[in-house]
Amino acid sequence: MELSGSGGGDGRGTRATAHELARYEALFAARTRGMKSSAMREMMALTERPDVISLAGGLPDTSTFPPELYSRLMAKVAADSTARALQYGPTEGMAATVDCIVEVMAAEGTRVEPSEVIVTTGGQQVLDLVCKTLIDPGDVIVAEAPTYPGAVPTFSAYQADVEQVEIDADGMPIDALESTLDRLSAQGRRPKFIYTVPNFQNPGGVTMSLARRRRLIALARERELLILEDNPYGLLRYEGEPLPTLYSLDAEAVGRGGTSDLVIYLGTFSKILSPGLRLGWSVAPRPVLEKLNLGKQGADLCSSSVTQMFVAAYFAERAADGGPEWRRYVEELRALYRTRRDVMLAALEEHFVGDATWTRPQGGLFIWATLDERIDTTDLLALARKTESVAFVPGRAAFVDGRSGASSMRLNFAGVPEERIREGVRRIGRAMREQLGLLGSLTGTSAKARPPVAAPASEKATERMADVVALPRRGEQPAARRQRDR
Amino acid sequence: MSLTRRVAVLKGGRSLERAVSLRSGAHVQDALLRLGHEVVAVDAGPALVPELLELEPDLAFIALHGRDGEDGTVQSLLDAIGLAYTGSGPAACMRCTNKALAKYMMREAGIPTAPFHPLAELSIKELGAAAATARIQDSIGFPLVVKPAIGGSALGVKFARTEEELPGALVGAFSYDRTVVIERYLRGRDLAVSVIDGAREGEQPRRPLALPVVEAVPREEEFYDYESRYQIGMTTFVCPAELPPETTARAQGLAVEVYELLGCRGVARVDLMLERDTGELWVLETNVVPGMTETSLLPQAADAAGITFEELVERVLESATAR
């Protein structure tokens with residue numbers, strides 16, 4: 001079978017198209033069937049235009065990074081370490097960068113040994129390497145519902161069977177997780193790992209309570225289950241007490257100053273520094289770490305030496321008060337994002353109240369809003385991008401079946417200046433009200449939105465924490481508001 | 001005899017089918033280059049007209065799908081600036097792209113098309129049209145399909161199995177166009193017949209030519225929504241479709257009839273449904289700018305007829321100059 005070139009000659013006699021397609025199709029691996037394009041994702045791509053206010057991205061605000069510091073550090077890396085920066089590095093990462101990672105994790109109260117860390121090309125690569133290491137086609141992954149939209153294509157590409165457990169205001173309910181595990185067990189199946197974003201979940205915005213973290217670890221230890229703890233935003237907390245990572249709780253359970261043996265930790269510099277660096281990391285039990293390393297050798301040999309050296313140089317910087325500059329910058333981001341979160345919450349209060357409900361995150365980048373169950377936010381996006389030039393992530397993106405979560409949306413408050421947050425929410429609200437008005441005309445009823453996530457059921461008395469979610473409030477009459485918005 | 005021409009390939013645009021259009025356009029460009037033409041690619045954005053005025057191509061190859069490229073907007077503009085282009089003119093584009101208009105015309109001409117009623121969003125707001133939905137659903141029956149009157153994205157096509165699902169389906173479809181068509185849901189086999197002009201440059205006029213029938217066979221028996229139906233890998237295509245000869249002939253005959261009725265030129269693809277229970281053929285819709293990607297139905301059908309992609313592109317190109 002000849003696949004290269006177009007057949008040469010004058011081109012007149014080239015047989016292409018249908019035959020060519022069949023030829024390629026016959027060559028594709030079975031897993032590519034799980035790599036689906038989706039009309040919704042294509043529509044999302046259309047919203048990446050300067051005239052569109054996008055609350056869709058997963059972006060931090062990189063405009064706040066001091067340009068002079070950036071150029072000075074890059075110049076320093078270039079001048080001091082030309083040869084090393086331009087060279088391959090070790091697969092597990094450069095020692096100086098690993099030290100930075102140990103420092104970041106310590107800032108979250110998690111102690112790790114440098115030898116337990118692997119530097120990766122963004123946190124996303126950890127998802128890929130973990131699946132590469134653990135998932136055969138048909139293997140089960142238990143994830144949250146909704147789950148990180150970026151994990152969906154990864155899980156699908158490895159042909160995993162994903163079971164999603166619906167979260168509530170305190171994160172993944174452990175009772176529901178146990179039921180899922182029991183149901184699977186009755187079918188003779190057990191998950192290869194449990195995937196969770198415990199802090200300021202993407203996209204739900206909720207945080208797993210301490211009691212649930214403890215129960216999750218106890219359950220994992222009892223049933224010998226691996227956990228993939230995805231923690232990109234842990235340091236971006238705007239209120240409340242920081243909670244221990246699952247990794248540190250498991251290490252504690254192991255005792256004797258040991259290290260976790262069931263938690264694979266995923267971290268990233270993307271949200272506390274820059275996603276453009278493409279640097280993340282994993283901390284994992286040694287046998288898993290070794291496979292991740294082998295998997296990474298096959299994937300990309302090593303992550304960028306240039307950006308690893310940039311991170312090392314950056315972490316050596318001192319702020320005016322003598323403390324680490326990176327801590328000062330994270331503080332700056334926290335102050336900025338806290339304000340933006342509050343601006344978005346106020347805008348939602350003004351433009352969504354009565355017609356939608358939403359989560360009130362204590363940190364991170366995202367708010368999850370849920371509208372009338374008859375509204376499909378994929379359609380709302382089609383309308384809103386056209387008539388209002390505004391974008392968000394439709395809830396369906398956070399579900400592996402591509403169907404659930406249809407009336408919800410993810411809103412990013414971190415990457416957009418305050419004025420655009422206000423205007424963006426106002427526009428989405430206007431498009432939503434247009435659909436609600438139409439629904440009202442067709443049915444003679446008014447809107448009913450379910451809570452964005454349920455309030456936690458009194459699973460265990462110790463788990464009662466009611467401070468996470470803003471429950472729907474019935475304020476002004478929607479009709480009166482609609483008039484004002486015209 | 002092929003003449004070297006300076007061809008502007010119009011692709012991309014702002015429609016929901018932008019991604020497909022870019023792929024169609026790229027594929028056409030390759031073929032044009034292999035045919036020895038001079039090719040300039042133009043993304044149909046705010047600079048479309050100025051760019052064309054500056055480039056001064058001999059003609060435009062329209063590889064735009066959906067809004068602007070298929071609804072007659074771009075064709076009218078090209079007429080205005082005096083630039084020849086491939087495919088149908090503005091009026092045919094409008095007739096084909098507006099499903100309500102196309103269905104009215106087909107019904108009047110006696111061409112089988114599923115029972116339907118159009119519904120405009122404004123009529124709900126301003127004329128109390130909500131009160132008509134009960135009659136509409138009674139006359140059409142469930143399950144039914146709601147489609148945006150204009151627009152080819154599978155996203156806008158909604159099912160309603162029950163009365164309760166109808167409002168949501170209508171609101172969903174209205175997100176893509178201000179007018180929708182409520183239509184009986186037909187269960188059966190999805191067929192597509194591509195039609196190209198019969199006569200080549202300098203020949204006597206002849207009737208349009210129907211290419212072999214393509215059948216889209218879903219991998220799964222039942223579909224939850226149209227989106228998954230058109231997802232790559234979810235459907236396999238069989239060409240020529242395995243049909244009794246009389247069914248093939250009937251499908252091709254209907255396609256040519258529709259092509260002529262709606263006034264298409266150059267090329268068009270007519271989608272039909274072979275209803276499972278009755279064995280009836282129904283015409284669903286006509287696409288005036290069919291996909292030209294590697295996986296598209298028109299190139300597959302041409303291939304089955306022994307027409308290479310280059311020959312197909314050359315024939316479509318001729319429709320621009322034969323005008």
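Which residue of β5(A) is the bridge partner of A:Val142? In this predicted model, the partner is A:Ile194.

## Strand pairing in chain A

The bridge between A:Val142 and A:Ile194 belongs to the pairing of strand β3 (residues 140-145) with strand β5 (residues 193-196), both of chain A, which runs in the parallel sense over 2 bridges. In general, the strands of a sheet pair through backbone hydrogen bonds, in either a parallel or an antiparallel manner.

## The sheet and its helix

In chain A, an open sheet is formed by 7 strands, ordered β2-β8-β7-β6-β5-β3-β4, with mixed pairing. The edges are occupied by β2 (117-120) and β4 (161-166) of chain A; each has a single partner strand, so one side of each lacks a neighbour in the sheet. On average, and with direction ignored, neighbouring strands of this sheet are turned by 20 degrees against each other.

Helix α9 (residues 210-223) of chain A packs on the sheet, where its contacts include β5, β6 (226-230) and β7 (263-268) of chain A. The direction of helix α9 makes about 150 degrees with that of β6(A).

## Internal cavities

Empty space is revealed by rolling a probe the size of a water molecule over the atoms. The model contains 9 cavities of 30 Å³ or more. The largest cavity holds about 110 Å³ of space. It is lined by 15 residues, of which B:Ile62, B:Thr86, B:Val267, B:Val288 and B:Val289 are the closest to its centre.

By class, the lining of the largest cavity comprises 11 nonpolar and 4 polar residues, with no charged residues.

Methods. Residues numbered from 1 in each chain as written. Chains lettered and ligands numbered in written order. Predicted model: local features only at pLDDT ≥ 70, side-chain atom pairs only at ≥ 80, totals over all residues. Heavy atoms only, no water. 1 Å grid on protein atoms, 1.4 Å probe; cavity = no way out; pocket = protein on both sides within 12 Å on 5 of 7 lines; lining within 4 Å. Points joined across faces, edges and corners; volume = space filled by probe spheres on them. Nonpolar A, V, L, I, M, F, W, Y, C, P; charged D, E, K, R; others polar. Pairing = 2+ DSSP bridges. Helix = DSSP H or I, 4+ residues; strand = E, 2+ residues; numbered from the N terminus. Axes fitted to C-alpha atoms, helices over the stretch in contact; angles between N-to-C directions. Contact = heavy atoms within 4.5 Å.
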